[in-house]
Amino acid sequence: MNSTEKPAVNFIKSIAVFCGSSDSNDEFIYSQAYELGRSLANKNIDLVYGGSKLGLMGQVAKGALENDGLAFGVIPEFLKTKEIVHRELTELITTQDMHERKLKMHEMSDGFIMLPGGFGTFEEFFEILTWAQLGLHQKPIGVLNTEGYYNDLLMMFNNMVTKGLLKKENLDLVLVSDSVEILLDKMHAYESKIETKWLTNKEQT
């Protein structure tokens with residue numbers, strides 16, 4: 001690093017990725033999931049994800065593992081079947097339910113990235129984003145907006161600010177790029193302006 005470069009604010013050793021367990025019919029979206037896993041491996045960032053071998057989830061894990069990265073799956077017991085679970089991960093962690101899964105992914109990760117996905121992806125992303133809004137963590141949260149997949153959602157976020165239903169400082173919690181490398185750079189440089197509170201056992205339930 002030369003004297004003109006700004007040092008990274010965050011040391012990120014692991015990132016939790018939220019994304020679809022289905023295959024996209026968009027080849028570029030499908031390939032970008034693999035590319036994210038590859039990039040994490042090349043930067044020595046561990047992958048934490050939902051543990052499936054299917055869809056975009058499987059591609060992220062494949063990208064990490066095929067490039068000598070570490071991939072940790074976290075999956076609730078009721079989803080742990082031979083049809084979906086990835087058997088070649090660095091470690092597969094089983095939880096009792098979906099809520100415990102998100103808590104475990106939070107504990108294991110220094111940041112979060114949402115790739116294209118469906119309702120389950122939204123559910124995971126919005127809960128971790130809400131925790132940040134409430135000051136329960138200050139970890140960077142990224143959206144990989146591949147081919148403008150989340151353009152409409154981002155427009156809605158801005159409309160929420162315009163209508164006075166979302167504070168601009170809370171919108172600023174969401175880091176967005178259509179480039180894996182740029183998004184990771186934003187996450188390294190991120191600095192939260194929201195005061196942190198501790199996530200207690202009572203608040204977790």
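## Exercises on a predicted fold

Serine 109 is found in the loop between helix H3 and strand E5 (112-114), where helices (H or I, at least four residues) and strands (E, at least two) are DSSP runs, numbered from the N terminus. The structure is a predicted model, in which local features need pLDDT of at least 70 and side-chain atom pairs count only at pLDDT 80 or more, while totals for chains, interfaces and linings use all residues. Residues are numbered from 1 along each chain as its sequence is written, and side-chain values use heavy atoms, with hydrogens and water left out.

### Exercise 1: a serine in a loop

Decide whether serine 109 counts as buried or exposed, and list the residues with which serine 109 is in contact beyond its sequence neighbours.

*Solution.* Begin with the cut-offs: buried means under 20% relative accessible area, exposed means over 50%, and partly exposed is in between, using a 1.4 Å probe and protein chains only. Serine 109 has a relative accessibility of 1%, and therefore counts as buried. Then turn to contact, which means heavy atoms within 4.5 Å. When neighbours within four places in sequence are left aside, serine 109 is in contact with Ser14, Ile15, Ala16, Val48 and Lys139.

### Exercise 2: the protein as a whole

State how many helices and strands the protein has, what share of its residues count as buried, and which residues have the most contacts inside the largest nonpolar core.

*Solution.* The inventory comes to eight helices and seven strands. Of the 205 residues, 48% count as buried. A nonpolar core is a set of buried Ala, Val, Leu, Ile, Met, Phe, Trp, Tyr and Cys residues joined through side-chain atoms within 4.5 Å. The largest such core has 53 residues, and those with the most contacts inside it are Ile15, Val17, Leu47, Ile113, Leu115 and Phe125. Take Phe125 as an example: not counting residues up to four places away in sequence, phenylalanine 125 touches Phe18, Met114, Ile141, Val143, Phe157 and Val174. As a last step, look at the contacts with a separation of 6 or more, of which 72% join residues 24 or more positions apart.

### Exercise 3: two helix pairs

Describe how H3 crosses H4 and how H1 crosses H7.

*Solution.* Two packed helices are described by the angle between their axes and the distance between the axes. Here the axes are lines fitted to C-alpha atoms, for helices over the stretch in contact, and angles run from 0 to 180 degrees between N-to-C directions.

For the first pair, the axes of H3 (residues 98-108) and H4 (residues 119-133) come within 11 Å and cross at roughly 60°. This makes H3 oblique to H4, given that angles under 35 degrees count as roughly parallel, over 145 as roughly antiparallel, 65 to 115 as roughly perpendicular and the rest as oblique. From H3, the residues His99, Arg101, Lys102, Leu103, Met105 and His106 meet Glu123, Glu124, Glu127, Ile128 and Trp131 of H4. By class, this contact has four nonpolar, two polar and five charged residues, where Ala, Val, Leu, Ile, Met, Phe, Trp, Tyr, Cys and Pro count as nonpolar, Asp, Glu, Lys and Arg as charged, and the others, Gly among them, as polar.

For the second pair, the axes of H1 (residues 27-42) and H7 (residues 180-189) come within 10 Å and cross at roughly 50°. H1 is therefore oblique to H7. The contact is made by Gln32, Glu35, Leu36, Ser39 and Leu40 of H1 together with Val180, Glu181 and Leu184 of H7. These residues divide into four nonpolar, two polar and two charged.

### Exercise 4: two residues in helices

Place threonine 121 and methionine 98, and say whether each counts as buried or partly exposed.

*Solution.* Threonine 121 has its place in H4, and at 2% relative accessibility it counts as buried. Leaving aside neighbours within four places in sequence, threonine 121 is in contact with Phe18, Cys19, Gly20, Met114, Leu115 and Tyr150. Methionine 98, by contrast, lies in H3 and counts as partly exposed, with 31% relative accessibility. Not counting residues up to four places away in sequence, methionine 98 touches Pro76, Phe78 and Leu79.

### Exercise 5: a positive phi

Find where asparagine 44 is placed, and state its phi.

*Solution.* Asparagine 44 sits in the loop between H1 and strand E2 (46-49). Its phi is positive, about 60°, although asparagine 44 is not a glycine. With a relative accessible area of 60%, asparagine 44 is exposed.
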